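Work through the exercises below with the model open beside you. Try each task before reading its solution.

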Amino acid sequence: SRFEAVGQNGGLVHLFDQCLEAKGVQIFIGEESGYSVLDQCSVVTAPYRVSSDTVGVLGIICPTRMAYHRVIPMVDVTARLLTAALNQR
């Protein structure tokens, strides 16, 4: 399956690593990800932080024909809520 291939070659992990330095939502449509296994997919990511340090990246993989106007804000808000929750400790 497509997801087994992503896990085996580490491409998705590498892609998410690139997003660690992003200041907000990143969108990769089809071939923009640089990984052929994701050519028919879009990846939407957003980093989350503890204090001022980025500690992870939240992301989703969807078909390229998705409702971007719904998914992008959802990823952004979820990353912001995760950041807020992690910083309440």
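A residue is buried under 20% relative accessible area, exposed over 50%, and partly exposed in between (1.4 Å probe, protein chains only). This is a predicted model: local features need pLDDT of at least 70, side-chain atom pairs count only at pLDDT 80 or more, and totals for chains, interfaces and linings use all residues. Residues are numbered from 1 along each chain as its sequence is written, and side-chain values use heavy atoms, with hydrogens and water left out.

**Exercise 1. Outline the chain.**

Task: find what pattern the chain follows along the sequence.

Solution. Start with the terms: helices (H or I, at least four residues) and strands (E, at least two) are DSSP runs, numbered from the N terminus. The chain has three helices and three strands. Read in order, they give α-α-β-β-β-α. Next, take burial: of the 89 residues, 33% are buried. Last, take contacts, meaning heavy atoms within 4.5 Å. Among contacts between residues at least 6 apart in sequence, 44% join residues at least 24 apart.

**Exercise 2. Pair two strands.**

Task: work out how many bridges join strand 2 to strand 3.

Solution. Two strands pair if DSSP finds at least two bridges between them. Strand 2 covers residues 41-50 and strand 3 covers residues 53-63. The two run antiparallel, joined by 10 bridges. Take one pair: Pro47 has Val57 in strand 3 as its bridge partner. Now look at the turn. Two residues lie between the strands of this hairpin, and Ser51 there has a positive phi of about 60°.

**Exercise 3. Trace the core.**

Task: list which residues form the largest nonpolar core.

Solution. A nonpolar core is a set of buried Ala, Val, Leu, Ile, Met, Phe, Trp, Tyr and Cys residues joined through side-chain atoms within 4.5 Å. The largest one has 10 residues: Leu12, Leu15, Phe16, Cys19, Phe28, Tyr35, Leu38, Cys41, Val43 and Val57. Helix 2 (11-19) and strand 2 each supply at least two of them. Helix 2 gives the largest share, four residues. Apart from this core lies another, of seven residues, including Val44, Ala46, Val75 and Ala79.

Now zoom in on two members. Leu12 lies in helix 2 and is buried, with a relative accessible area of 18%. Its C-alpha atom is 9.8 Å from that of Ile61, 49 residues away along the chain. Val43, leaving aside neighbours within four places in sequence, has contacts that include Leu15, Phe16, Phe28 and Ile60.

**Exercise 4. Check the cysteines.**

Task: explain why Cys41 has no bond to Cys62.

Solution. A disulfide is a pair of cysteine sulfur atoms within 2.5 Å. The closest cysteine sulfur to that of Cys41 is in Cys62, 8.5 Å away, so the two are too far apart for a bond. The count of disulfides by this rule is zero. Burial is a separate check: Cys41 is buried at 6% relative accessibility, and Cys19 is buried at 2%.

**Exercise 5. Read the faces of helix 3.**

Task: find which residues of helix 3 are buried.

Solution. First, test the length. The expected span is 1.5 Å times one less than the number of residues. For the 19 residues of helix 3 (residues 68-86) that is 27 Å, and the end C-alpha atoms are 27 Å apart, which agrees. Next, burial: Val71, Val75, Ala79 and Thr83 are buried. Seen down the axis, the buried residues of helix 3 fall within an arc of 100°, so they line one face. That arc is taken from the directions from the helix axis to the C-beta atoms. Strand 2 and strand 3 are among what covers them. The face of helix 3 turned away from its buried side carries the exposed His69, Arg70, Met74, Arg80 and Leu81.
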